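Trainee: I should like to learn how to read the features of a protein model in an orderly way. May we work through an example together?

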Number of protein chains: 2
Amino acid sequence: MKKFRLLTPGPTAIPEKVLAKFAEPIVHHRTSLFEAQFKELQSQLQWLFQTKEIVLTLTSTGTGAMEAAVANLFSGMNASTPHADEVITVNAGKFGERWTKIAKAYNLNTHEIVVERGKAVTIAAIEKELRAHPQVKAVLFQASETSTGALMPIKAIADLCKKHQVLSVCDGITAVGIFDVPMDAWELDVLITGSQKALMLPPGLAFIALSARAWKANESSNLPKFYFDLKKERKAQEKMQTAWTPAISLVQGAVVSLKMLQDEGHQKLFATHEMLALATRNAATALGLELFSDAPSPVLTTVKVPAKFTVDEGKKIAKIMQEKYGVIITGGQDELMGKILRLSHFGYCDIFDVANGISALELALLELAYPLELGKGVAAVMKTFKDSGLAL
Amino acid sequence: MKKFRLLTPGPTAIPEKVLAKFAEPIVHHRTSLFEAQFKELQSQLQWLFQTKEIVLTLTSTGTGAMEAAVANLFSGMNASTPHADEVITVNAGKFGERWTKIAKAYNLNTHEIVVERGKAVTIAAIEKELRAHPQVKAVLFQASETSTGALMPIKAIADLCKKHQVLSVCDGITAVGIFDVPMDAWELDVLITGSQKALMLPPGLAFIALSARAWKANESSNLPKFYFDLKKERKAQEKMQTAWTPAISLVQGAVVSLKMLQDEGHQKLFATHEMLALATRNAATALGLELFSDAPSPVLTTVKVPAKFTVDEGKKIAKIMQEKYGVIITGGQDELMGKILRLSHFGYCDIFDVANGISALELALLELAYPLELGKGVAAVMKTFKDSGLAL
């Protein structure tokens, strides 16, 4: 009878009506039935990305789409190309570091900006690298760095890239559908997301859109690619098919979950996530906890493990929440392990879910002899909701 | 109320109890609950592949695993490597051609054996190429070529590779779990399958196992790889995790479907598929249809469209079967379009499903004025079943 509550940065909880869709018999992908659904999905994805470009569906997780961006835009050294392409990567956490690792796996000339954990990258830091390396072709960055909870200055990065005539390649895996990242309006060149985030689906699908400038870069790219060949995908997906067999059931679920997002509308969706984030920050403050990031994202809130706790005790907080109360949050990764807590508040998540998470956190902290007044965090959550004037 | 019946080479029909699993709330992958299921899956996959090696689970379709095999075993030309690795690819159809395309996408020195459509490759043809190119590192081939219905001499190819000390890289996407391909006993170096075939799951997972020799080749491979980095996957999967977020729901479904296959047992599974294939061939013969392949696979039966039909009429057969009778089969692809029919009989498919398929085929052929005696094909199906002595 024990209930589980996912307050994790992916997978997120899946709505019941989406789950029910997965229990339907599978359809074959080379049928008009599938093509009609895929057409619907494409239109929904354009709404989600706020773009007129085709949004390609890949059967992989978001990391596959990140690799696709690298393999499809750039060139390596070969007989006819004396130098590998140069790129700037913004490493503000584990996921930014992934851009660096992918670029290096393809032997690109990679200039990495390492940002202090919890901070957003500054425009000055990127501009400095761009000036130092005038051959740079692109800046690869996250919209929201999920490992630290820091929100990046996305529009300013896109503007800077435009000014320097380099491509802006944005990992929006925990951003798209959570807060406003209008691809066309901000002239982002690549935008990526995954199915198990705002889309409230199981992992297994990634989505990527390229601007006209990015497609032009694709024309001259010489890096090896096959499964993630975006040109081939575009050709197939323009005809409502995919280059390789798609993850059919996830595609069908996506049509259902995107309809739910569309019914909510961009404005309500973004306002709600802002409010859930504010509620979580207010709860943390009310409990005397310190925020880890000074550029907090609407996606997830990172709080420091209280100074009195050891790393091992820090790890225990999430463990107690999960094992005793069925509330699954994530702690810090790598060097942040046992030092921060990451409380996610997006996807199929409302203010009552956030309140549950804070209640479980309060109980876990009390058990570890952290002094707090039970219910004070939840009161802050509910007050934020009430004050926001937002309906469920 | 119209029922649909999938007699296609993937996706295949999904058992009801597997579909029901997909309707369960998702679990987080960084939990002991997931790890316990993944451990079970790994053991089931070793049973399926008949190997002691770890079978890696990738979130992609089978093509991703084919690319992984290439990217992880071979080396391209670079500063320290004056020549790209040489490989032999067996192109006996659309899927064999895919090996060639992948090897060429990675700029490998690729020697392609083109086999007449519908035929199996001969050992003599491969040996000739091996003698002509003594630097060759591997032979890349299909176990069963799904586009033509031809069964390849898998064990003989593996033996030949062993004799020449080259790697045998086998796409078993439509083979593993359908007929006997014992990886360890036959000393295959790479074996691959996908979720939407014998495993009776939606597309979205691929599985790949490497022999000790293949892992040794991996050590010196210099081709770029990230999402499909098998060494990284092995390290993670040995700890019951995955390098990237896995397609969690499909993993959970796989545990259920593999349990069903295990309950059936290898012997019954393989004998049943042999019998279903024989039943289909007998039905085709009874209806005066000619088999397309002289090395017919237990996976799917290819029959020639009767000579009196044009290509357009040939295409109509599957169209009528699908639109009027809800029975979905596949026709020929590319140059075989409108010239052959592909009747699949594997996965969650029994003799009554085969009978339904043949009934729909009889009706469609009659509608196109092909002379036949209604029911004669089905009678041949049921007689084959009865004579086999096999139970359902």
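Trainee: How many bridges join β13(B) to strand β14 of chain B, and do the strands run parallel or antiparallel?

Mentor: This is a predicted model. As a general idea, strands of a sheet pair through backbone hydrogen bonds, either parallel or antiparallel. Here two bridges join β13(B) to strand β14 (residues 340-344) of chain B, and the strands run antiparallel. T330(B) is the residue opposite R342(B) in β14(B). Helix α10 (residues 266-286) of chain B packs on the sheet and touches β11 and β14 of chain B, with its direction at about 15 degrees to that of β11(B).

Trainee: In what order do the strands of that open sheet lie?

Mentor: The order is β11-β14-β13 in chain B, with antiparallel pairing. At the edges stand β11 (300-304) and β13 (330-331) of chain B; each has a single partner strand, so one side of each lacks a neighbour in the sheet.

Trainee: What can be said of strand β11 in chain A?

Mentor: Four of the five residues of β11(A) (residues 300-304) are buried, so the strand is largely enclosed by the rest of the structure. Five bridges connect β11(A) with strand β14 (residues 340-344) of chain A in the antiparallel sense, and T301(A) faces L343(A) in β14(A).

Trainee: Which strand order does the open sheet of seven strands in chain A have?

Mentor: That sheet follows the order β2-β10-β9-β8-β5-β3-β4, and its pairing is mixed. Its edges are β2 (55-58) and β4 (109-114) of chain A, each with a single partner strand, so one side of each is left without a neighbour in the sheet. Direction ignored, neighbouring strands are turned by 20 degrees against each other on average. One of the pairs joins β3 (residues 86-91) and β5 (residues 136-142) of chain A in the parallel sense over four bridges, with E86(A) opposite V136(A).

Trainee: Which strands does helix α4 of chain A touch?

Mentor: Helix α4 (residues 94-105) of chain A packs on this sheet, touching β3, β4, β5 and β8 (167-171) of chain A, and its direction makes about 155 degrees with that of β3(A). Helix α6 (residues 154-163) of chain A lies across β5 and β8 of chain A, at about 155 degrees to β8(A).

Trainee: Which way do the residues of β9(B) point?

Mentor: In a regular strand the side chains alternate between the two faces of the sheet. From β9(B), V190(B), I192(B) and G194(B) point one way and L191(B) and T193(B) the other, and all are buried. β9(B) pairs with strand β8 (residues 167-171) of chain B in the parallel sense over three bridges, and V169(B) stands opposite V190(B).

Trainee: Which residues touch the most other members of the largest nonpolar core?

Mentor: In soluble globular proteins, nonpolar side chains tend to be buried together. The largest nonpolar core has 260 residues, and V139, V190 and I208 of chain A and of chain B touch the most other members. Beyond four places in sequence, V190(B) has contacts that include L167(B), V169(B) and I208(B).

Trainee: How many residues does each chain bring to the contact?

Mentor: Chain A and chain B each contribute 42 residues. The side of chain B that touches chain A has 25 nonpolar, 14 polar and three charged residues. Moreover, 100% of the interface residues of chain B are also interface residues in chain A, so the copies meet through the same surface.

Technical notes: Residues are numbered from 1 along each chain as its sequence is written. Chains are lettered from A and ligands numbered from 1 in the order in which they are written. This is a predicted model: local features need pLDDT of at least 70, side-chain atom pairs count only at pLDDT 80 or more; totals for chains, interfaces and linings use all residues. Two residues are in contact if their C-beta atoms, placed from the backbone, lie within 7 Å. A nonpolar core is a set of buried Ala, Val, Leu, Ile, Met, Phe, Trp, Tyr and Cys residues joined through C-beta atoms within 7 Å. A residue is buried if 20 or more other C-beta atoms lie within 10 Å of its own, exposed if 12 or fewer, and partly exposed in between; C-beta atoms are placed from the backbone. Two strands pair if DSSP finds at least two bridges between them. Axes are lines fitted to C-alpha atoms, for helices over the stretch in contact, and angles run from 0 to 180 degrees between N-to-C directions. Ala, Val, Leu, Ile, Met, Phe, Trp, Tyr, Cys and Pro count as nonpolar, Asp, Glu, Lys and Arg as charged, and the others, Gly among them, as polar.
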